[in-house]
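The following exercises are to be worked through with the sequence and the coordinates at hand. Each task is followed by a stepwise solution.

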Amino acid sequence: MALSPIKGFVPLQISLAATANLPESVHLCYIKPHLSKDPNEQIDTTRKLFLINPLPDWTLDSVKDLFRQVNTGCHIEEVLVREAIDKSRVSSIGSGINYDIHVNLSVLTNEELGVELSASEKLPFGSSVVTFLDRDSLELFLDSLKKIKKPLQWSLPNNETGISRYSRIPVLDRTSLEREVTQALVDFQKKEKIAEEEVSNMRTIVDEDGFTLVVGSQKKTKSDILGSMKKKSDLEQDEALLKKEKRKEKQDFYRFQIREKKKLEMNSLLTKFKEDQERVKLMKQRRKFRPY
């Protein structure tokens, strides 16, 4: 039975074979063309597919096998996935999984301590992005999917389901974890101290003209202080600042400015009129002037 789209997402039905503990069932994924924050990427040129609720072991090979059931001409280049269960947050005492949002507090005080996230870690939990080889492959898949009436077939690797699958996730050793946390805190304090010394030294910087840099108390990071150290040449090339200054200038505030503007306009019209007269005169001389 065909299902209706939900807010632009097309349901994708996947049939799961029966196992020793579970009967045959149908799994639902929801797909739509993916748009990233890249301004150059448009809805009619993207070759990525955003998918919600991927199955376990959602890998490049398994997705290729699954999508070949729709059309063998759908060539897939890459698969990014972030499962609904984050393996890195499994409790060491087996009490469950922590879904609290992790905030990198070090970035708030020192921008140099931030850790770059991988492409998969930037995805929401329980989602995936499938990148096709080109735009034609994506369109071929979406068009062919409309003709599919039955659920696609999915085979579970080693028939692992539920607790038997997630029990293979390694549990962190408490002693080694405490050691890593302690070392991370020591490194953090060292970098914080170095950053504070750099900021303190920057408050006494003397520029090329011999003036001491004045820094407000609210500027506590290196990037904030560097932002106030722009030279005159930098400001002259700042397009946003130039536009702002230009809007402040009024060209017709005084009477003499209005008179001068009108005078320039009249001179321009008079010059054009004389040029037209000369052009007509030359055309008459060449006998090419035919007014009627």
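## Exercise 1. The surroundings of V130

Leaving aside residues up to four places away in sequence, V130 touches R47, K48, L49, W58, V63, F67, I76, E78 and V79. The model in which these contacts occur is a predicted one.

Task: establish which residues of the largest nonpolar core touch the most other members, and which elements give two or more residues to this core.

Solution.

Step 1. The largest nonpolar core has 23 residues. Those that touch the most other members are L12, W58, F67, V130, F132 and F141.

Step 2. Two or more residues of this core come from each of the strands β1 (10–16), β2, β3 (48–52), β4 (76–82), β5 (127–132) and β6 (152–154), and from each of the helices α1 (60–67) and α3 (135–145).

Step 3. Another core, of 5 residues, lies apart from the largest one; F9, F50, L123 and V129 are among its residues.

Step 4. As a general background, nonpolar side chains tend to be buried together in soluble globular proteins.

## Exercise 2. The chain as a whole

Task: state how many helices and strands there are in the chain, and what share of its residues is buried.

Solution.

Step 1. The chain contains 9 helices and 6 strands.

Step 2. Of its 292 residues, 22% are buried.

Step 3. Among contacts with a separation of 6 or more, 59% join residues 24 or more positions apart.

Step 4. The exposed area of the chain is about 22,700 Å², of which carbon and sulfur atoms supply 54%.

## Exercise 3. H27 and N53

Task: decide whether H27 counts as buried or exposed, and find which backbone oxygen lies 2.8 Å from a polar atom of its side chain.

Solution.

Step 1. H27 belongs to strand β2 (residues 25–33).

Step 2. The relative accessibility of H27 is 14%. Since buried means under 20%, H27 counts as buried.

Step 3. With residues up to four places away in sequence not counted, H27 touches L12, Q13, I14, L16, N53, P54 and L55.

Step 4. The backbone oxygen in question is that of N53, at 2.8 Å from a polar atom of the H27 side chain.

Step 5. N53 itself is located in the loop between β3 and α1. Its relative accessibility of 34% makes N53 partly exposed.

## Exercise 4. Positive phi angles

Task: compare the settings of K7 and N53, neither of which is a glycine, although each has a positive phi.

Solution.

Step 1. The phi of K7 is about 50 degrees, and that of N53 is about 70 degrees.

Step 2. K7 is placed in the segment before β1, whereas N53 is in the loop between β3 and α1.

Step 3. With a relative accessible area of 78%, K7 is exposed; N53, at 34%, is partly exposed.

## Exercise 5. Salt bridges

Task: determine how many salt bridges the structure holds, and describe the pairs formed by R68, R174 and D276.

Solution.

Step 1. The total is 5 salt bridges.

Step 2. R68 pairs with D65 through their side chains, at an N to O distance of 2.7 Å. R68 is partly exposed at 43% relative accessibility, and D65 is partly exposed with a relative accessible area of 46%.

Step 3. In the bridge between R174 and E178, the closest N and O atoms are 3.4 Å apart. Both residues lie in helix α5, 4 residues apart, or about one turn of the helix. R174 is exposed at 63% relative accessibility, while E178 is partly exposed at 43%.

Step 4. For D276 and R279, the closest N and O atoms are 2.8 Å apart. This pair lies in helix α9 (residues 255–285), with a spacing of 3 residues, about one turn of the helix. D276 is partly exposed with a relative accessible area of 39%, and R279 is partly exposed with 47%.

## Exercise 6. A nonpolar surface patch

Task: identify which residues form a nonpolar patch on the surface together with L185.

Solution.

Step 1. L185 is situated in helix α5 (residues 174–202).

Step 2. The patch is formed by L172, L177, V181 and L185. Together these residues have about 350 Å² of accessible area.

Conventions
Residues numbered from 1 in each chain as written. Predicted model: local features only at pLDDT ≥ 70, side-chain atom pairs only at ≥ 80, totals over all residues. Heavy atoms only, no water. Buried < 20%, exposed > 50% of the residue type's maximum accessible area, 1.4 Å probe, protein only. Contact = heavy atoms within 4.5 Å. Areas by Shrake-Rupley, 256 points an atom, 1.4 Å probe, with all protein chains shown as cover. Polar contact = N/O pair within 3.5 Å; in protein donor to acceptor, adjacent residues only side chain to side chain. Core = buried A, V, L, I, M, F, W, Y, C linked by side-chain atoms within 4.5 Å. Patch = residues over 30% accessible without salt bridge, like charges linked within 9 Å, V, L, I, M, F, W, Y side chains within 5 Å. Salt bridge = Lys/Arg side-chain N within 4 Å of Asp/Glu carboxyl O.
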